[in-house]
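Visitor: I would like a close look at one residue and at the helices and sheets around it. Please take a single starting point and work outwards from there.

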Amino acid sequence: MSPPTQRLLIVSGKGGVGKSAVAAALAASAHRAGRSVLAIDVAGSGGLAAHFGIGSLAFAPRELRPGLHAMSIDRSKALIEYLQVQAGLPGILTLAPAARAFDALAGAAPGVREIVTLGKVLWETRSRRYDLVVADCLPTGQVTGLLRAPSTIAELVPTGRIRQQAEWMSDLLLDPVATQLVLVTLAEELPVVETEETLAYLLDEKLVGNHQIVANRVLPELRTAAAGSGEVAEAAALHRALYGEQQQWLERLPPDRTLPYLFGLLTPGEVAARLADSWAGP
Amino acid sequence: MTNSIVVTGAGGVGKTTVAAAVAVRSARAGKRTLVVTVDPARRLAGALGLELGSEPRQISGEPRLWGAMVDAASSWQAVARKHADPAVADRLIGSEFFLAASVHFPASQSYAAAEQAAGYMDEGSWDLVVVDTPPAAGGIEFFTAPSQMSDLVGGTLLRLLTGGRLPGRRFLFNRGAKPLLRFADQLLGSDLLERVAQFLMDLRTTYDGVRRRAEEIEGHFRRSFTVVVTTADPAPLAEAIRFFRELPSIASPPGLVVFNRSLPLRWATATPAPRTNLALAENLSRWGAEAQRQADAQAEFASHYQTPLATIPWVPQAPTDVDALANLIDLAENWIDLPG
């Protein structure tokens, strides 16, 4: 199966489920299929850079391979860019102090800080400089606040330029042809419950138009009834117990796609490459 | 005097389970023990008989064990009620910014948890309070939340808007901020600023109380014993290392590191008996590679940090009763006696 056809993939999941690895794999797999891609580390956690096999990413997009670009969102740089380019900051204000002051204001007025971050992702999508933008987003606990930002702004701010921007941002987020939310989970209790709750909230509040669920680190079935002895039997028993446990959670929240558990020592770059292989596979 | 143990680590490594296990063991050793947890897995909550938002309640069948669950939203309201005049507290809680701040300000859930846990330590009803930290991005923010909270309330923005003057009913804008404010009005629409400012002025009246409380909470952290839970996977391990780098400046440095979900290293070197089923032999070699990877990660960690390092074996099913929790620590290797 080929990767999703949308122009923007917003990747989220509970902390520790491997969402940066999946985001890097999605970017790599779309790039292999011939699309030009921008991958964005939204949380600035550095996880995405590691999965591309590099030390760090900067606010300025870097071309990793022809057609594959990556950047990370630095909040103060995004804010300065926003104030200059999108908001038309008047020349009378010197930039750094104004950005500092605006940042303080943004800290108190909910949605403003998020709209600057989300805005960067959406502007890059809207510019059509790339065929696909993959956003390695905040964990599920915070992504709802991010996706809600345009409607928060619309509720709190009756007029003003930021309000008009919130409207096209909402439209792009909700367009099922343009945007897909990719929720990464593990076949375990806490990630499954959190994914269900996040999804229910987002659908309920109409904050997402199109989504898919990806279950990561899914164990293969042990295709034998033999028991073995010694360590062979111990490893088989652990595997079967974990497999059975995982299958229960997969039944409760059937994923659109499963990605395999990767055994042994792999670098983050190798993990992303193997996941990209398995995405392109049968 | 109440001892305390703070159990922390990245999300998904099983720290709630470890915190509960530590508490059960302490209670069974004769100490009056309270475990304070945040949003545990339902099966674990079931094991302990806990319900969200509950006051400390005794765990049935365990005469010395109590459990409490932190409800961040209601604790946040309790903070406002405790530190503001009744009328101001009503206005704060009714404000659209209040709910948004409690949801969006990342430290607020952690602060509410820290404040509630510190309250139990002050109460003096227990010999030991075991605190499980919120499953936030890292866990380290649990320790920085009190000072972040007093910064928020201290009000960078408010100082900017009012030039530091404590406000009357109608606040005075700082002259230097005027061009910015005109611009912000254009961008955000008029009157949003005034509403924000009113909210911040109300919040500011809680500042002295919150700052004093934040200092007390930090005092508790410095006296607590910290247990860092991790797995051998790169992301949680990187988080664990942050605790060693950053914690000593805020709280007591970690006293024990627990590698959860550990596999026996002998799986890495075991050879299957002749004529072992091929699928089973392959399975052992896959898990053996995992065991080796874990051992390497632990050795690498131990070469940098001299803190005691215990391992808990990978148990496929999370404990579903108090006995299974107690048993978890019996299964551990290199466990040490914890204070309390």
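**A buried valine and its surroundings**

Guide: Val143(A) has 27 C-beta neighbours inside 10 Å and therefore counts as buried. The model is a predicted one, and what follows is computed from it. Val143(A) is part of helix 6 of chain A. Leaving aside residues up to four places away in sequence, Val143(A) touches Ser12(A), Cys137(A) and Leu138(A). Ala237(A) is 94 residues from Val143(A) along the chain, and the C-alpha atoms of the two are 38 Å apart.

The helix that holds Val143(A) also packs against another helix. Two packed helices are described by the angle between their axes and by the distance between those axes. Helix 6 (residues 140-156) and helix 7 (residues 161-174) of chain A have axes that come within 9 Å and cross at roughly 140°. The two helices, 6 and 7 of chain A, are therefore oblique to each other, and their crossing is left-handed. On the helix 6 side of chain A, the residues that meet helix 7 are Leu147(A), Pro150(A), Ser151(A), Ile153(A) and Ala154(A). Helix 7 of chain A contributes Ile162(A), Arg163(A), Ala166(A), Met169(A), Ser170(A) and Leu173(A). Sorted by type, the residues of this contact between helix 6 and helix 7 of chain A are eight nonpolar, two polar and one charged.

A second helix pair in chain A can be described in the same terms. The axes of helix 1 (residues 19-32) and helix 10 (residues 268-280) of chain A come within 8 Å and cross at roughly 55°. Helix 1 and helix 10 of chain A are therefore oblique to each other, with a right-handed crossing. Among the residues of helix 1 of chain A that meet helix 10 are Ala21(A), Val22(A), Ala25(A) and Arg32(A); their counterparts in helix 10 of chain A include Val271(A), Leu275(A) and Trp279(A). The contact of helix 1 with helix 10 of chain A divides into 13 nonpolar residues, one polar and one charged.

Next, the sheet of chain A. Strands of a sheet pair through backbone hydrogen bonds, either parallel or antiparallel. In chain A, eight strands form an open sheet in the order 3-4-2-5-1-6-7-8, and the pairing is mixed. Strand 3 (62-65) and strand 8 (257-260) of chain A are at the edges with a single partner strand each, so one side of each has no neighbour in the sheet. On average, neighbouring strands of this sheet are turned by 25° against each other, direction ignored. Within the sheet, strand 2 (residues 37-41) and strand 5 (residues 132-136) of chain A run parallel and are joined by five bridges. Opposite Val37(A), in strand 5 of chain A, stands Leu132(A).

Chain B has its own sheet. Its eight strands form an open sheet in the order 3-4-2-5-1-6-7-8, with mixed pairing. The edge strands in chain B are strand 3 (57-58) and strand 8 (309-313), each pairing on one side only. Strand 1 (residues 3-8) and strand 6 (residues 225-230) of chain B pair in the parallel sense over four bridges, and Thr8(B) has Val228(B) of strand 6 as its bridge partner. Helix 1 (residues 15-28) of chain B lies across several strands, including strand 1 and strand 2 (33-37), and runs at about 170° to strand 2 of chain B. In total, chain B has 15 helices and eight strands, and buried residues make up 48% of its 340 residues.

Technical notes: Residues numbered from 1 in each chain as written. Chains lettered and ligands numbered in written order. Predicted model: local features only at pLDDT ≥ 70, side-chain atom pairs only at ≥ 80, totals over all residues. Buried ≥ 20, exposed ≤ 12 C-beta atoms within 10 Å, placed from the backbone. Axes fitted to C-alpha atoms, helices over the stretch in contact; angles between N-to-C directions. Parallel < 35°, antiparallel > 145°, perpendicular 65-115°, else oblique. Left-handed = near helix turned anticlockwise from the far one by under 90°. Contact = placed C-beta atoms within 7 Å. Nonpolar A, V, L, I, M, F, W, Y, C, P; charged D, E, K, R; others polar. Pairing = 2+ DSSP bridges.
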